[in-house]
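User: Hey, got a minute to walk me through this one? I'd like to start with what's packed on the inside.

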Amino acid sequence: MSTYHNAVSDKLVLFLDSDTSIYQIYSKDNQLKYQLNHHDNSSFPEELSAAIFSSTYLQLVNSKFTLCPLDEEKIDSFFQLNHGTGIDFLTAQNGTFKIGYEKPKSFDLLTQKLVNTIIATDIELLFEYTSKKTHSHALYFYEHQGVLSLIAWKDDLFVLSNRYSIADADELFYFVMLVIEQLEIPIQKIYVECIASQDKYEEYKSLFKNYLPSFQQSNFIDMKSNEDSSKILSHFFAQCVL
């Protein structure tokens with residue numbers, strides 16, 4: 001995109017995964033005004049160093065995470081049971097669960113540079129998105145950097161969120177079907193939605209066509225067929241907060 005000209009009404013949405021930062025700046029009417037892919041997570045983009053934003057969102061994607069019930073005082077034991085010791089993690093909660101998530105190496109740098117930042121993991125954002133849907137039985141998923149992330153609902157209740165390392169679409173198919181089977185979600189009643197490019201959606205739809213009667217693509221996605229998952233997900237999660 002062209003050179004960025006700051007307006008104090010602009011909103012910054014920062015998508016952060018293990019090796020890439022995508023800075024998306026939206027105007028006050030929520031139109032994408034400027035986008036910057038920054039491949040050095042140990043630094044802050046010089047072109048944005050003096051900018052002022054009306055709202056700032058930091059969105060953490062693909063980090064290790066653990067959920068626990070709200071009535072648990074500490075999440076430490078749950079996180080360490082799943083991921084071992086020696087990992088710095090942060091905590092948050094909503095009206096349904098507490099979450100512990102791995103602290104990104106660039107977290108302190110970014111929070112020092114950004115002002116009044118609203119921080120959320122992809123899991124929290126996906127939960128909020130899916131909780132507004134009206135499907136009693138549902139599963140929502142996306143793949144990013146060889147990791148499948150999903151959320152499942154059964155009988156109008158949130159029942160699972162997890163990540164699985166996968167090598168290809170066949171393994172994605174295996175884990176999606178495994179979750180549905182293990183949770184005993186009725187195949188004929190489940191709604192399944194993927195967050196993916198058009199190409200990937202068509203590939204997944206072909207895989208599942210003989211197994212899942214209802215398989216859809218997120219209607220937030222308005223991208224070219226060959227867009228990579230970083231651009232797809234950064235756009236999707238930005239729409240979740242704008």
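User: Which residues touch the most other members in the largest nonpolar core?

Analyst: This is a predicted model, and in it Y23, L110, L126 and F237 touch the most other members of that core, which has 40 residues. The largest share comes from α3, with 5 residues.

User: What does L110 touch, leaving out residues up to four places away in sequence?

Analyst: L14, L16, Y23, F44 and L58. Y23 is also among the residues with the most core partners.

User: How many residues are in the other core?

Analyst: That one has 24 residues and lies apart from the 40-residue core. Among its members are L139, L148, L150 and L172. As a general point, nonpolar side chains tend to be buried together in soluble globular proteins.

User: OK, on to the sheet. What's the strand order?

Analyst: It goes β3-β2-β1-β4-β8, an open sheet of 5 strands with mixed pairing. On average, neighbouring strands are turned by 15° against each other, ignoring direction.

User: Which strands stand at the edges?

Analyst: β3 and β8, the latter covering 117-121. Each has a single partner strand, so one side of each has no neighbour in the sheet.

User: And β2, how does it connect to β1?

Analyst: Through a hairpin, with 4 residues joining the two strands. β1 and β2 run antiparallel and share 6 bridges. For register, V13 has Q24 as its bridge partner, and K11 has Y26.

User: What about β2 and β3, parallel or antiparallel?

Analyst: Antiparallel, again with 6 bridges. Y26 has L32 as its bridge partner in β3. There's a hairpin here as well, with 5 residues between the strands. N30 sits in that turn and has a positive phi of about 65°.

User: How many residues of β2 are buried?

Analyst: 6 of the 6, so β2 is largely enclosed by the rest of the structure. Both faces are covered: S21, Y23 and I25 are buried on one side, and I22, Q24 and Y26 on the other. That fits the general pattern, in which side chains of a regular strand alternate between the two faces of the sheet.

User: Which helix touches β2?

Analyst: α6, residues 229-241, packs on the sheet and touches β1, β2, β3 and β4. The direction of α6 makes about 45° with that of β2. As for α3, that helix lies across β4 and β8, at about 85° to β8.

User: Switching to charges. How many salt bridges are there?

Analyst: The structure holds 6. One of them is between D10 and K33, at 2.9 Å from N to O. D10 is in the segment before β1 and K33 is in β3, 23 residues apart.

User: Is D10 buried or exposed?

Analyst: D10 counts as buried because its relative accessibility is 1%. K33, at 35%, counts as partly exposed.

User: What joins up with D122?

Analyst: R163, in a salt bridge at 2.8 Å from N to O. The pair links distant parts of the chain, with R163 in β11 and D122 in α3, 41 residues apart. R163 and D122 are buried.

User: And what about K64, which side chain does it meet?

Analyst: K64 forms a salt bridge with E102, at 4.0 Å from N to O. E102 lies in β7 and K64 in the loop between β4 and β5, so the pair ties together parts 38 residues apart in sequence. E102 counts as partly exposed at 26% relative accessibility, and so does K64 at 39%.

User: Last one, H83. Where is it?

Analyst: H83 is in helix α1, residues 76-83. With a relative accessible area of 25%, H83 is partly exposed.

User: What is H83 in contact with, leaving aside neighbours within four places in sequence?

Analyst: K64, F65 and T66. That's the K64 of the salt bridge with E102. The H83 side chain also reaches the backbone oxygen of F65 at 2.9 Å.

User: And how far apart in space are H83 and K205?

Analyst: 33 Å, C-alpha to C-alpha, and 122 residues apart in sequence.

Key:
Residues numbered from 1 in each chain as written. Predicted model: local features only at pLDDT ≥ 70, side-chain atom pairs only at ≥ 80, totals over all residues. Heavy atoms only, no water. Buried < 20%, exposed > 50% of the residue type's maximum accessible area, 1.4 Å probe, protein only. Core = buried A, V, L, I, M, F, W, Y, C linked by side-chain atoms within 4.5 Å. Contact = heavy atoms within 4.5 Å. Pairing = 2+ DSSP bridges. Axes fitted to C-alpha atoms, helices over the stretch in contact; angles between N-to-C directions. Polar contact = N/O pair within 3.5 Å; in protein donor to acceptor, adjacent residues only side chain to side chain.
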